[in-house]
Amino acid sequence: MSVVRLELEGRLAVVTIDNPPVNALSQAVRAGIVRAVDEAEDAGADAIVLCCAGRTFVAGADIREFGKPPKPPWLPEVIARIEACRRPVVAAIHGTTLGGGLELALGCHYRIAVPTARVGFPEVNLGLIPGSGGTQRLPRLVGAERALDMMISGKPVGAVEAARVGVIDRLAESGDLLDEAMGFAREQASGGERPRLIRDLSVDPVDPGFFSDYRKRIARRTRGLMSPERIVRCVEAALQVPIDEALRQEREHFFECMASPQSSALRHLFFAERQAVKPPPGVSPAAGGPEITHIAVIGAGTMGAGIAYSCLGVGFRVTVLDYDEAGLARGRKTIEGLYEGGVARGKVSPAKAEDGLGRLTTSQDYGAVANADLVIEAVFESMAVKEQVFARLDRVCRADTILATNTSTLDVDRIAQATGRPEKVIGTHFFSPAHIMRLVEIVRGDATGDAVIISALALAKRLRKVGVVVGNCFGFVGNRMLYGYGRESQLLLLEGAAPEQIDGALQEWGMAMGPHAVGDLAGLDVGYSVRRERTDLPDDPRFYRMADVLVEAGRLGRKTGKGMYRYESGSRAPIPDPEVESWIAREADALGVERRAIDAQEIVERCIYGLIVEGARILEEGIASRSGDIDVVWVNGYGFPRHRGGPMHYADTIGVDKIYARVCEFRDRFGPMYWEVPNLLEDLGRSGGKFADFKPGA
Ligand code: 3H9
C-alpha cells in the first residue's frame with residue numbers, strides 16, 4: 001500500500017500520509033507528497049488538506065536514513081513544491097508534529113490543529129538543527145527569541161500555546177479534525193487570492209546586543225554542544241540576508257552537524273534507548289505478569305520515599321512500610337515535601353497532589369502489604385537485613401506478588417533464595433534522587449521468570465523511566481563499571497593529581513560532574529560501607545585509600561561540610577582544601593607512591609578507559625545484552641555526556657584498536673592488577689571490530 005494517498009472530496013484534495021508508526025518523512029513519503037500535490041493540481045482541486053493517518057502528524061525526518069547518502073526529493077524540495085501551489089494547502093495536525101514534520105507544516109499555507117497536539121523542533125537532541133527551513137520560517141512567525149527558545153530547548157509546545165503565538169492558525173475543537181480542516185481549506189480557497197507564504201514575511205527586528213546576550217544565556221546548558229551555536233547563526237542570518245541565502249546557510253550547517261561525531265552519538269542513543277526498554281533476547285513480550293495497581297515500598301528513607309512519590313505520580317496505590325515509627329513519619333513528610341515543591345514550581349496541580357497523597361498509606365505492619373501486586377524493598381544496603389525482609393515478605397505476601405529489591409550492588413540470587421518464590425524476585429535499581437533520575441536497572445536473577453521481567457519493564461515505562469534489563473553480578477552494569485572509573489580517580493590522587501584537577505579534566509571532557517564532587521554529594525560513607533560488605537576487593541592498600549581515610553576522619557562529604565572538598569555553609573560549591581592535599585601527600589608517602597605531574601589527557605584516558613575495560617567484560621559475560629544498553633545506563637544514571645554516546649559508543653568512535661593499544665600500555669606501565677585486557681577488547685582490537693556489533697552468546 002502506498003504511504004501517501006490522494007482522495008478527491010468534491011473540489012477538495014485530501015493528501016494522507018500513512019507511514020506507521022510516526023509518519024516519518026522517508027524517501028517514499030517525500031516522493032509521495034510531491035506526486036500527490038502534482039496530481040491534486042492537475043485535477044484542478046480548489047485546495048489541498050495535508051493530514052496523517054495513525055497516532056500523529058509527521059514526527060520528523062526518518063532518522064534511520066541519516067548518515068546515508070540523501071535520496072531525492074529532499075525535504076526542502078518537497079516544501080518548495082507545496083509553497084509553489086497556486087491553491088491553498090492546509091496542514092491538519094494531531095499528535096506530535098516534530099522536526100521535519102513541523103517544517104513541512106510551516107511550508108503549508110495554513111495550519112489547523114487539535115488542542116492536544118504538540119509541535120516542536122527536537123533536532124538539537126540529535127545534534128542537529130532544523131534543516132528544511134525551520135530556522136527561517138519559525139522566527140518569521142514568532143520572533144527570534146521565542147524561535148530560539150523552541151529550537152535550543154528542543155521542547156515541544158502545546159497547540160493552544162502554538163496558536164496563541166501564531167504557529168497554528170486555528171484550533172479544531174469539534175473532535176473531527178479532517179472535517180474542520182476541510183472547512184478551513186474551503187474558506188481559504190473561496191477568497192481566490194494567492195495563498196500566504198511564511199517566507200514572504202520578515203523577522204521582527206531585535207535589539208543590537210540580543211544575539212551576544214542570548215549566547216551568554218545558553219552557554220552553560222549547551223556546553224560542549226555544536227548545534228545550538230549553529231541554530232543561533234541561522235536565526236541571525238534570518239535577520240540579515242535574503243531567505244534563499246539563509247536557507248543555503250542553514251543547509252550547510254545541517255550537513256556539518258549531521259557529519260559530526262556528536263550527532264552520530266546522539267542518534268545512536270535515540271535508538272539505543274528505544275532498544276534497551278524492549279525485552280532482552282529470549283524473553284517473550286507476551287509473557288505478561290499480573291496487573292499492577294498496588295505497590296508497597298519497604299523502607300521510608302530518601303530512596304523509598306522517592307520511589308513511592310514516583311509511583312504515586314502515575315496513579316498507583318502505594319503503601320510505605322517501615323519498622324521505625326519516626327522513620328515512617330519522616331518518609332511521609334519527605335513525600336509531602338516533594339508534592340509541596342512540585343506544586344510551588346507549578347509542576348503538579350494542587351488537585352493532583354491531593355489525589356496522590358490520597359493514594360498513600362503508611363504502616364509498620366507487614367499485614368498492610370500482604371495484598372500488594374508488587375513490593376519494592378528499599379532498606380539499608382546489607383545482605384543480612386535484606387534477607388530478613390524478603391523472608392518476611394515471602395511469608396505474608398500473596399503467592400503472585402512480585403518482590404523487587406532496590407539493591408545497588410548486592411547479589412539478587414542470594415536475596416531470592418531467602419524466599420520460596422525466586423522466580424518472582426527481581427532487582428529494580430532506582431537511582432538517586434529516584435523521582436528525578438530516569439534510569440532503572442532491572443536485574444534478572446538466575447530464576448527470575450520472564451513474566452516478572454516484562455512486568456518490571458512495564459513498570460519502568462509507566463513511571464516514564466528507562467528500564468534496562470541487566471544480569472546479576474556485583475554492582476550490575478552501572479556500579480560495577482563505576483569501580484573502574486572511581487578506582488582510577490582515587491589512584492590519580494595518590495600519584496599527584498589534585499581532586500579539583502581530576503574533576504576539572506573530566507568535566508571539561510563532558511562529565512556532568514567530576515568523580516570527587518560526586519563522591520561528596522552522594523556521601524563518601526555510602527561507598528565506604530559497600531566496600532566493607534565486599535569480600536572480593538583487590539589486595540591493594542592504595543584501593544580507594546583517600547576515600548577511606550576521609551570517612552574515618554569523619555569527612556563524609558557535603559552533608560558534613562567536608563569531604564574531598566570543603567563547603568561553606570549554605571553553599572554547594574566544592575572548595576579545594578589544603579588539608580586534604582597534605583593528607584594525600586602523607587598517604588602517598590606512607591604507601592611509597594611516587595608523585596608526579598599528571599596531565600588532563602592521562603586523567604581522562606585512565607578514568608574513561610577504566611570504564612570501557614569493565615564495560616567490555618560486562619558485555620563479554622552477557623551481563624548486558626547489547627553494548628547500547630551499557631551506554632544507556634551510563635548516560636542516564638551517571639552523567640556521562642550524551643553527546644559522546646556512552647562509554648561503548650565512545651570506544652567505537654575512537655576505534656577499539658586504539659583503546660586496546662592504550663590499555664596494553666597501561667597494563668605494561670601500571671601492572672595487570674587493574675589493566676588486564678579483557679578477551680573481547682583484545683579480539684575486537686585486533687580484528688578492527690566494534691562493540692556495537694558484538695552479540696553476547698552468539
Ligand atoms: C529532523 O526532522 C530533521 C529535519 O529538520 C531536517 C531533515 C532534512 N524516524 O519513541 P517511540 C520510531 S530530525 C524514524 O517509542 P513514542 C522509533 O524508533 C527528526 N523512526 O514512540 C520507534 O521504533 P521501534 C526530528 C522514528 O510514542 C517508534 O518510532 N524528530 C522516528 O514514545 C516509536 O517511537 C524527532 O526527533 C523518526 N523520526 O514517541 C522525533 N521517530 O518501535 C523523534 C520515532 O522500532 N521521535 N521513530 O523502536 C520522538 O520524539 C518520539 O518517537 C515520538 C513518539 C514523540 C514521535
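Two strands count as paired if DSSP finds at least two bridges between them. Keep that in mind as we walk through this predicted model, starting at strand 1 and strand 2. Strand 2 covers residues 12-17, and six bridges join it to strand 1, with the two strands running antiparallel. You can pick out some facing residues yourself: Arg5 stands opposite Thr16 of strand 2, and Glu9 stands opposite Leu12. The two strands make a hairpin with two residues between them, where Gly10 takes a positive phi near 65°.

Now look to the next neighbour. Strand 2 is also joined to strand 3 by six bridges, but these two run parallel. Here Val15 has Leu50 in strand 3 as its bridge partner. Both kinds of pairing are possible in general: strands of a sheet pair through backbone hydrogen bonds, either parallel or antiparallel.

Let's zoom out to the whole sheet. Six strands form it, in the order 1-2-3-4-6-9; the sheet is open and its pairing is mixed. Strand 1 (4-9) and strand 9 (170-171) stand at the edges with a single partner strand each, so one side of each has no neighbour in the sheet.

What about the side chains of strand 2? In a regular strand, side chains alternate between the two faces of the sheet. In strand 2, Leu12, Val14 and Thr16 point one way, while Ala13, Val15 and Ile17 point the other way, and all are buried. That fits a strand that is mostly covered, with six of its six residues buried. Helix 1 (residues 27-42) lies across strand 1, strand 2 and strand 3 (47-52), and runs at about 20° to strand 1.

Time to step back further. The domain assignment splits the protein into domain 1 (4-258), domain 2 (294-470) and domain 3 (478-693). The C-alpha centres of domain 2 and domain 3 are 30 Å apart. Their contact takes 16 residues from domain 2 and twelve residues from domain 3. Between these two domains, about 1,100 Å² of area is buried, and carbon and sulfur atoms give 60% of that.

Finally, how many disulfides does the structure hold? Zero. Cys311 is in no disulfide, and the nearest cysteine sulfur, that of Cys397, is 15 Å away. Why is Cys607 not bonded to Cys664? Because its sulfur is 19 Å from that of Cys664, the closest cysteine sulfur, which is too far for a bond. Both cysteines we started from are tucked out of reach of the probe: Cys311 is buried at a relative accessible area of 0%, and Cys607 is buried at 0% too.

Technical notes. Residues are numbered from 1 along each chain as its sequence is written. This is a predicted model: local features need pLDDT of at least 70, side-chain atom pairs count only at pLDDT 80 or more; totals for chains, interfaces and linings use all residues. Side-chain values use heavy atoms; hydrogens and water are left out. A disulfide is a pair of cysteine sulfur atoms within 2.5 Å. Buried means under 20% relative accessible area, exposed over 50%, partly exposed in between (1.4 Å probe, protein chains only). Helices (H or I, at least four residues) and strands (E, at least two) are DSSP runs, numbered from the N terminus. Contact means heavy atoms within 4.5 Å. Axes are lines fitted to C-alpha atoms, for helices over the stretch in contact, and angles run from 0 to 180 degrees between N-to-C directions. Domain bounds come from an automatic or database domain assignment. Buried area is the accessible area (1.4 Å probe) that two parts lose on being put together, summed over both.
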